[in-house]
Amino acid sequence: MSDLKLITERMIEKKKAEVQQTIRQAETEAKEKVAVAEKELALEEVEEKKAIDRRLASDFEKNKDSLENYKRNQLLGEKQVALKEVFKEALFAMEQWSETEFQSFLLAVLQQFKEIKNLELVLGEKSVEKVSESWIEKVAQEGISVTLKTETINKKAGFILKNKGIEYNYLFEDLIAELKNQLVPSVSKKLF
């Protein structure tokens, strides 16, 4: 019996050793799996952080570009308002010309048409008071043939010259609109 007991104990010891070996092996494999999982997790975390950094950098650049565009558009809007104001003030100043200033401008234009006979002058409603028949007669003595028409152009300042169906438009609003494209670059440089 003692041999049986000894054999049983040895078998139990052997089984215990096998079980402990299996447990140690399982623990080692588990530790290796945990280590691999931790490495993979650390790599994923690094990649995720990089992706977040890239996304944040991209968002920052987009916001920066948007802000720069907004700022540029605001500045452009302010420039356009300032330019509109300049042209509006120019029109207002021309409409406020004294009789002498208006007549000087008109005479300079008429001298360009000195060779044309039967020229008709149609005044804008806002300029009617600045030219008289006596002034037209004085101009005629200088060799410029022009007839002052009684018709006027409603709510406008300046004048139109007519000859044989051709109209030469010198209404101030239209002159400024026509010259606006030529003047905008130089006025922009001076203002800004």
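This is a short tour of the nonpolar core, one helix and a group of aromatic rings in a predicted model.

Start by selecting L106, L110, L121, V131, F159 and L161: of the 25 residues in the largest nonpolar core, these touch the most other members. Next, colour the elements that give two or more residues to this core, namely α1 (2-95), α2 (99-112), β1 (119-124), α3 (133-141), β2 (146-153), β3 (158-163) and α4 (172-191). The largest share, four residues, comes from α2.

Stay on L161 and show its surroundings. Leaving aside residues up to four places away in sequence, L161 touches V109, L110, F113, L119, E120, L121, I166, E167, Y168 and Y170.

Now move to α3 and pick out its buried residues, W135, I136 and V139. Look down the helix axis: these residues fall within an arc of 100°, so they line one face of α3. Their cover includes α2, β1 and β2. Turn to the face away from the buried side, and you will find the exposed residues S134, E137 and Q141. Just after α3, stop at G143, which takes a positive phi of about 90°.

Finish with the rings. Select W97, F102, F105, F159, Y170 and F172, which ring pairs link into a cluster. Zoom in on F172, which is buried with a relative accessible area of 1%. F105 and F172 form an edge-to-face pair, 5.9 Å centre to centre with 70° between the planes. This pair links helix α2, home of F105, to helix α4, home of F172, across 67 residues. F105 itself counts as partly exposed, at 22% relative accessibility.

Terms used. Residues numbered from 1 in each chain as written. Predicted model: local features only at pLDDT ≥ 70, side-chain atom pairs only at ≥ 80, totals over all residues. Heavy atoms only, no water. Core = buried A, V, L, I, M, F, W, Y, C linked by side-chain atoms within 4.5 Å. Buried < 20%, exposed > 50% of the residue type's maximum accessible area, 1.4 Å probe, protein only. Contact = heavy atoms within 4.5 Å. Arc of directions from axis to C-beta. Phe/Tyr/Trp six-rings, centres within 6.5 Å; stacked < 30°, edge-to-face > 60°.
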